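Open the model in your viewer and keep the selection tool at hand. The stops below go from the contact between two parts to the ligand.

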Amino acid sequence: MADMTEVLGLAADEMTDVLTAATLAPSVHNTQPWRFRLAPDRIELHPDPTRRLPATDPEDRELRLSCGAALLNLRLALLDRGIRPLVTLMPGADAPGALATVRRGGHRDLDEETRQLIKAIPARRSNRKPFRDVPVPVEHRHALVRAAERERSWLHIVTDRGERARLQGFVAKAQRIQADAPQVRAELTGWTGPRTGDGIPPKSAGIQPAPQDEWAMRDFHAAERPPGKDYESDPLIVVLCSFYDGPLAELQAGQALQRVLLTATTLGLSASFMSQAIEVRPVRDELRRALGGTLEPQTVLRIGYGSPVPASPRRAARDLLLEPIRTT
Ligand SMILES: Cc1cc2nc3c(=O)[nH]c(=O)nc-3n(C[C@H](O)[C@H](O)[C@H](O)COP(=O)(O)O)c2cc1C
């Protein structure tokens, strides 16, 4: 295992804090599919191929979204230490295998918005429990849309009743297809339940899905639902989209996803994901056409006012280091 070292002028313990902030990002099934290679002049973000979900995410699209989310946290953690991060996505021969490199681009003072986002990193969590029946104000919706735009992505807010019903149909259809796919079920079961440092523990599982639910939530084997405990009737539903297809756009969308989620946290909002309709390729294609055919849907979020939920586990930053780059 590699040691934490001095990077971008930060001491090893500061580097541990920066990488720990990165690990607090959301990831599909809490697989945390990221690793880091350190050099004095750069941090490389790499995918962790041992944490792929070949049945659920055969093209590694969600793996890259997750790594993009970790990258946004990394950028914010560096800004918190006065470092302006200079990011190269898909750096190619410069850092073989890396999804991104981050170098020092000089100094940058923190603005208030960035300060709030940094504070939100440890507070954000996926909230699969029912929300209160309180609508999200228009100005908060605008703030979420702007957050996605800042990261060169698009947040589509589903307001039209017909469109909402169509999306519910897509999610339900994809959920049924995945329920009939033994390998997808096995991946879900494998990452659900008590594990050490990753996966979805019972305390984070939300409530057990029920036939009357408007939105088909993923079944993370939650404890039985208490009588009368149902989901809110009208959550804010958004589809996070990229402007084009492919790894680079997915890394951008992952950063946008995290900026949206952190912005939501600063506004007192909770969110959970409904990714099924995008994971199942033919349903994703239908959704893409329903959105007008020019945007690439990357994930679906349910947003509202939730009660507090516990944090889910993370692996330690020191366990995520690849052998350092030797500079001779
Ligand atoms: C790309 C992506 C897809 C996800 N899809 C789902 C989903 O369909 N259903 C769900 O309940 N959570 C989903 N999640 C949330 C993860 O399970 C969650 O981030 C992870 O368990 C860590 O928990 P935390 O977000 O509370 O830190 C997704 C997360 C990412 C990044």
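Start with the contact between the domains: 30 residues of domain 1 touch 28 residues of domain 2, where contact means that C-beta atoms, placed from the backbone, lie within 7 Å. To see the two parts, colour 12–123 as domain 1 and 138–304 as domain 2; such bounds come from an automatic or database domain assignment. The centres of domain 1 and domain 2, taken over C-alpha atoms, are 22 Å apart.

This is a predicted model, in which local features need pLDDT of at least 70, side-chain atom pairs count only at pLDDT 80 or more, and totals for chains, interfaces and linings use all residues. Residues are numbered from 1 along each chain as its sequence is written.

Next, select the side of domain 1 that touches domain 2. The elements that give two or more residues to this side are α2 and α3 (112–120). Helices (H or I, at least four residues) and strands (E, at least two) are DSSP runs, numbered from the N terminus. The largest share of this side, 11 residues, comes from α2.

Now move to the ligand. Which residues are the closest to the ligand? They are Pro26, Asn30, Arg125, Phe273 and Ser275, out of 22 that surround the ligand; a residue counts as near if its C-beta atom, placed from the backbone, lies within 6 Å. Then highlight α2 (61–80) and β7 (270–273), the elements that give two or more residues to this shell. The largest share of the shell, 4 residues, comes from α2.

Finally, show both domains with the ligand. Domain 1 and domain 2 both give residues to the shell, so the ligand lies between them.

Methods:
Contact = placed C-beta atoms within 7 Å.
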